Amino acid sequence: MRLLDVLLPDRCLACGRVGAPLCDRCRAGLVRLAPPVCELCGAPGPWPVRRCAECSGRRLAFARARAAIVYDERARTVVRGWKEGGRRGVAEVAASLVVDVVPKPEVDALVPAPGDPERTLARGRSSPTALATALAASWGLPVLDLLRRTRPLPPQRGLALAERRRNVRGSVVALRAAPERLCLVDDVYTSGATADACAAALRQAGARRVEVVTLARAVR
Ligand SMILES: [Zn+2]
Ligand SMILES: [Zn+2]
């Protein structure tokens, strides 16, 4: 236990109220990504589709992506607090939100998206690793730490989709041979570029099917 954990009371990451990492009211206020969603990329829509406006015409290395909540202002505050604070118990809360909404994937193992090496060292376990570990406990699946970044990721903010993709492709590698069916775990799905780069690296290492599960998803 760190000294700060002893000195400071636990507060809700979203509203600051003393107590659990996410209070009941803020948890209820997060927008669930219930079906119907796009079969491939998980974008919500008025009815189920195999491809949607967001993913049609894009070559994506993953077979499907699913998320628990919409990445809105409240979700952003929670994710930011989680990444910056490295608080204990938050990954378990995030995993319980995912398990509530996303069916267990039919895969051999969960693979955390790779963190920025320097930031991960400074903060201990990365948020994708913590989420994958908590999900693995709920779903009874192993975690395989297979991916590494080959270089720090340049800032993605403000880039168009095609530029994001170029930015990320080739920035992730698999460390060894991958089993056939895997599920990548990350905190947020924004453009899908990171998920695509990670899935491409896993498929190059031998995976035949890669699914993606994230806590939150940006919705256009
Ligand atoms: Zn709250
Ligand atoms: Zn789609």
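User: In this predicted model, where is the place of D196?

Analyst: The model is predicted. Look along the elements of the chain for D196. The residue has its place in helix α8.

User: Is D196 buried or exposed?

Analyst: Count the other C-beta atoms within 10 Å of D196: there are 24. A residue with 20 or more counts as buried. Therefore D196 is buried.

User: What separation do the C-alpha atoms of D196 and A61 have?

Analyst: D196 touches L60, A61, F62 and R165, leaving aside residues up to four places away in sequence. Take A61 from that list. Along the chain, A61 and D196 are 135 residues apart. In space, their C-alpha atoms are separated by 5.3 Å.

User: Which helix gives the most to the largest nonpolar core?

Analyst: The largest nonpolar core has 67 residues. L184 and L202 have the most contacts inside this core. One helix, covering residues 193–204, gives eight residues to the core. That helix is α8.

User: Which residues does L202 touch, not counting those up to four places away in sequence?

Analyst: L202 is one of the residues with the most contacts inside the largest nonpolar core. In soluble globular proteins, nonpolar side chains tend to be buried together. Leaving out residues up to four places away in sequence, L202 touches V111, L146, A174, A178, L182, A207 and V210.

User: In what order do the four strands of the open sheet stand?

Analyst: The pairing in this sheet is parallel. Its edge strands are β1 (64–70) and β2 (109–112), and each pairs on one side only. The twist averages 25° from one strand to the next. The order is β1-β6-β5-β2.

User: Which residue in β6 stands opposite V185?

Analyst: Strands β5 (residues 181–189) and β6 (residues 209–217) pair in the parallel sense. Eight bridges join this pair. Opposite V185, in β6, stands V213.

User: At about what angle does helix α6 run to β5?

Analyst: Helix α6 covers residues 127–139. The helix lies across β2, β5 and β6. Its angle to β5 is about 125°.

User: What radius of gyration does the protein chain have?

Analyst: The chain has eight helices and six strands. Its C-alpha trace spans about 50 × 40 × 40 Å along the principal axes. With 220 residues, a compact globule would have a radius of gyration near 17 Å. The chain agrees with this, at 17 Å.

Key
Residues are numbered from 1 along each chain as its sequence is written. Chains are lettered from A and ligands numbered from 1 in the order in which they are written. This is a predicted model: local features need pLDDT of at least 70, side-chain atom pairs count only at pLDDT 80 or more; totals for chains, interfaces and linings use all residues. Two strands pair if DSSP finds at least two bridges between them. Helices (H or I, at least four residues) and strands (E, at least two) are DSSP runs, numbered from the N terminus. Axes are lines fitted to C-alpha atoms, for helices over the stretch in contact, and angles run from 0 to 180 degrees between N-to-C directions. Two residues are in contact if their C-beta atoms, placed from the backbone, lie within 7 Å. A nonpolar core is a set of buried Ala, Val, Leu, Ile, Met, Phe, Trp, Tyr and Cys residues joined through C-beta atoms within 7 Å. A residue is buried if 20 or more other C-beta atoms lie within 10 Å of its own, exposed if 12 or fewer, and partly exposed in between; C-beta atoms are placed from the backbone. The radius of gyration is taken over C-alpha atoms; the globule rule is 2.2 Å times the number of residues to the power 0.38.
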